[in-house]
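Hi,

Here is the structure I promised to pass on to you. Have a look at it first, and then read on for what turned up.

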Amino acid sequence: MTTPYDRPSDPSKRQSAALTDGPDRAGARSMLKATGFTDEDLAKPIVGVGTTWIETMPCNLNQRDLAVHVKRGVRDAGGTPMEFNTVAVSDGVSMGTSGMRASLVSREVIADSIELVCDAHMFDAVIAISGCDKTIPATVMALCRLNIPSVMLYGGSIMPGHFHGETVTIQEVFEAVGRYDAGTITEEELHELEDAASPGAGACGGQFTANTMAMAFEVLGISPAGSMVPATNPRKAEVSAEAGRLVMDVLRRGQRPSDIITRDALENSIASIACSGGSTNGVLHLLAVATEIGVELSIDDFDRISDRTPLLCDLKPGGQYVAPDLYEAGGVPLLLKRLKDAGLLHADAQTVTGQTVGEVADEARETEGQRVVRPLDDPIKPTGGLAILRGNLAPEGCVVKVAGEERRKHTGPARVFGSEEECFAVVEQQGIKPGDVVVIRNEGPSGGPGMREMLQVTAALVGEGIGDQVALLTDGRFSGATHGLMAGHVAPEAARGGPIAAVQDGDQITLDIDARRLDVDLSDDEIARRVEAYEPPEPHYKRGVMAKYAAAVSSASEGAVTS
């Protein structure tokens, strides 16, 4: 009988053989046998199956079920899966509280923990299942660091809810809070909407951060083509099993993330964000991925690519449809076909399936009569949904979402707040007036810490009916889950000497999208004098993970990474 002491090693066990093979590894095998693995299992390549399952949100709620099917696929293809999980923080649940500071911090913790588990247990390959805003980029950041054969599988979008005959998402709930404060809906109506908007598992349905990044990574090639199947769709089980089989194929081909995540692939991803009206958080996360894989990418690349890319996807928050509608229309391959037909796709970029992204585009199937992805001769707008502004308020850049926004210029007096809570207290009392420029500082990557995403503020302003009459600036983030708002996040942040620290109530601020400018009507000398005199508040955290993050994190213009 062949035993672990004398069997030849499987050639695909490029790393795990050092963990499982030979007499000196008897102790390791004994412990693994205690968890249910056999000699036969341990003779095969070992594939890490990482989930971000957690019971604090719907976004990742289906991942233990999906992992069952992924592991089935790995076994079918001759591998041994080993499941592990990591943490996750819900942006939506923590929104408007101090807990939201943990969200961006969790991206680094998730990436760190996946890297640690995979390195320590010497997996030959890994498939990471992600679902919410930070788990999606975090898993890919970890795959970049590991650079072993890898696949990222998106858990899928939630289905829309239905309220009084209308399709609704979590966006409408946040906006309804503003309507309730304005007295235009009752408490009973707000509660009824709350009950209806989120009907089950899956990430928020609009082109918010989760679906933006899931799309971007399918276009990037690290997720399988056509895998953005909604979370509760019956096809999701087989898509998951196929992803398990796929990761074994990637292993045998020896393909690594560095083969896939190239400059061309990242430019394709940027084009998908611009074309779909995706979240400004896409800038933050793709910069972080580029840093992890070692590809040069700058914030100005997003402006250049967005300016040449038409806005084609009629998706919430600026449009009508949600991610399940996009799937039914033809999915991400249809978007790729549009980009290829427009000459905007680096068609030779690799994907995990072994196809090029151009070949994926060629196989796209468009549902007859769909209106989710417009034809090239009928774009929603001739240019994409993002713009990068510079000026004396944003020397490192300011990201502005222009999908769903018709204004190209806004000048008004600053209303300055030192935190999200301070601002929201005034918004609740309808203290923001048409024409104002709301400035919220001390919410940046270091100063927050964690760069909170202030959907509570923006949605309330929309709900009060003045979202299209004010502008907003922050050194944190404003959520993409708003429409009709001219809002941007600037770098550097106040806590690190950014000029946003100089702004005072009443200063005239101008956002000019066509000129790509963001300026306050102050001289350079006056800005420097005020910044020098500015005293940031005491840190919220002086020890623990938040304090460590605040000390280590880079500027948002560099992806807010800690590496």
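Which residue in strand 4 is the bridge partner of A128? Try to find it before you read further. Keep in mind that this is a predicted model.

The partner is M152. That bridge belongs to a bigger pairing: strand 3 (residues 125-130) runs parallel to strand 4 (residues 150-154), with five bridges between them. To get from strand 3 to strand 4, the chain goes through helix 7 (residues 135-146), and this β-α-β crossover is right-handed. Strand 3 has another parallel partner as well, namely strand 1 (residues 46-51), with four bridges. There, A128 has G50 standing opposite.

So how covered is strand 3? Six of its six residues are buried. You can check this face by face: A125, I127 and I129 sit on one side, V126, A128 and S130 sit on the other, and all of them are buried.

I127 from that strand comes up again in the largest nonpolar core, which has 103 residues. I127 is among those with the most contacts inside that core, along with F217, I222, I261 and F302. If you click on F217, you'll see that it touches I136, P137, V140, M152, I222, S223, L286 and V289, leaving out residues up to four places away in sequence. Yes, that's the M152 from the opening question, the bridge partner of A128. There is also a second, separate core of 28 residues, including A387, L389, V490 and L511.

Two polar residues are worth a click too.

Start with N211, in helix 10 (residues 209-220). Its relative accessible area is 0%, so N211 counts as buried. The N211 side chain reaches the backbone oxygen of C204 at 2.8 Å. Beyond four places in sequence, N211 touches Y154, S157, C204, G205, G206, M228 and A323.

Then go to T474, in strand 11 (residues 471-474). Is T474 buried or exposed? It is buried, because its relative accessibility is 0%. The T474 side chain reaches two backbone atoms: the oxygen of I440 at 2.9 Å and the nitrogen of G476 at 2.8 Å. Setting aside neighbours within four places in sequence, T474 is in contact with I440, E443, M454, G488, H489, V490 and I500. V490 is one of the residues of the second core.

Have fun clicking around!

Cheers

Notes. Residues are numbered from 1 along each chain as its sequence is written. This is a predicted model: local features need pLDDT of at least 70, side-chain atom pairs count only at pLDDT 80 or more; totals for chains, interfaces and linings use all residues. Side-chain values use heavy atoms; hydrogens and water are left out. Helices (H or I, at least four residues) and strands (E, at least two) are DSSP runs, numbered from the N terminus. Buried means under 20% relative accessible area, exposed over 50%, partly exposed in between (1.4 Å probe, protein chains only). A polar contact is a pair of N or O atoms within 3.5 Å; within protein, one must be able to donate a hydrogen and the other to accept it, and residues adjacent in sequence count only if both atoms are side-chain atoms. Contact means heavy atoms within 4.5 Å. A nonpolar core is a set of buried Ala, Val, Leu, Ile, Met, Phe, Trp, Tyr and Cys residues joined through side-chain atoms within 4.5 Å. Two strands pair if DSSP finds at least two bridges between them. A crossover is right-handed if, with the strands pointing away from the viewer, the path from the first strand over the helix to the second runs clockwise.
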